[in-house]
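Hi everyone, thanks for making time. I'd like to walk you through one chain today, so let me put it up on the screen.

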Amino acid sequence: MIYLKLFLTFLQIGAVSFGGGYGMISLVREKCLTNAWLTEEEFMNFIAVAESTPGPIAINMATFVGSTQGGILGSLAATFGMVLPSFVIILIIASLIRNFIKYKGVQHTLKGIRPVIVGLIIGTAVTMALNVFINVSLVTDKPQFDIFAAIIFALVVLVSYLYKRIRKKAVSPILLILFSAVLGIIFY
C-alpha cells in the first residue's frame, strides 16, 4: 500500500537525518529516485518549489512527494512520517536536556555530527550544480553545459552582491527567487 510505503520511507529519512531540511535533501533524492516516485528533473523542480514556499524544505518536499504518489492521504502519510521522529526526539531531549548536555560524550557526539551535516549539504549542492549547469545526474551522462543556467546564476549573484554593497544589507531571498524566475522565463 502506497500510504504505508510513503510513511515508512519518510519516517526512515526523518529518523536518520541530521542538520535540518538541507541535510535531508540527499536522502529524499535517493529514496524518490530509487522508488521511481520522481525523475531527476522533477526532483530538481520540487526542490525549487519546496524552497520557494513557506515552511521547512524537508516537510514541503515530503508533502509534495506524498501528494504526487497518493493525493491528500499520501501527503499526510509522508509528512507525518517525516515529522514524527523529530517530534519524539525533541520531546525526549526537552525532558532530559538539563541533565543530558553536561556529559562530555554527548557534547563530543554533537560536535562529531556537525561535519557530516556540512558534508551532506555540500554533496547535495555539488549534485545539484552538476545537474543544473552541465546536465549530469549520473556518471554515464554526457555533459552538456547550460549557458543560460550559468548566466542566471551569475546575474543573481551579481545582483545580490551589488544590493548588499549599496544597501549594506542582504537582499531578500524571496526577491532573488522572483528575480531568478523572471530570468528563467526570459532565457528559457
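**A walk through the helices**

Buried residues account for 27% of the 188 residues in this chain. Please keep in mind that we are looking at a predicted model. The chain has 7 helices and 0 strands, so you can read the pattern straight off as α-α-α-α-α-α-α. Along the principal axes, the C-alpha atoms fill a box of roughly 55 × 45 × 35 Å. About 12,100 Å² is exposed, and carbon and sulfur atoms supply 72% of that.

Now, which residues touch the most other members of the largest nonpolar core? That core has 20 residues, and the ones to look for are F10, V28, F43, M61, V65 and M82. Helices α1, α2, α3 and α4 each give two or more residues to this core, with α4 providing the largest share, 7 residues. Let's zoom in on V65: beyond its neighbours within four places in sequence, V65 is in contact with L6, F10, C32, W37, L38 and F46. There is also a second, separate core of 5 residues, V156, V171, L176 and L183 among them.

Next, a helix pair. Helix α1, residues 2-16, packs against helix α4, residues 57-100, at an angle of about 40°, and their axes are 7 Å apart. The crossing of α1 past α4 is right-handed. Sorted by class, that contact has 17 nonpolar, 7 polar and no charged residues.

One last number for the contact-map fans: of the contacts between residues at least 6 apart in sequence, 53% join residues at least 24 apart. Thanks for listening!

Notes: Residues numbered from 1 in each chain as written. Predicted model: local features only at pLDDT ≥ 70, side-chain atom pairs only at ≥ 80, totals over all residues. Heavy atoms only, no water. Axes fitted to C-alpha atoms, helices over the stretch in contact; angles between N-to-C directions. Helix = DSSP H or I, 4+ residues; strand = E, 2+ residues; numbered from the N terminus. Left-handed = near helix turned anticlockwise from the far one by under 90°. Nonpolar A, V, L, I, M, F, W, Y, C, P; charged D, E, K, R; others polar. Buried < 20%, exposed > 50% of the residue type's maximum accessible area, 1.4 Å probe, protein only. Contact = heavy atoms within 4.5 Å. Areas by Shrake-Rupley, 256 points an atom, 1.4 Å probe, with all protein chains shown as cover. Core = buried A, V, L, I, M, F, W, Y, C linked by side-chain atoms within 4.5 Å.
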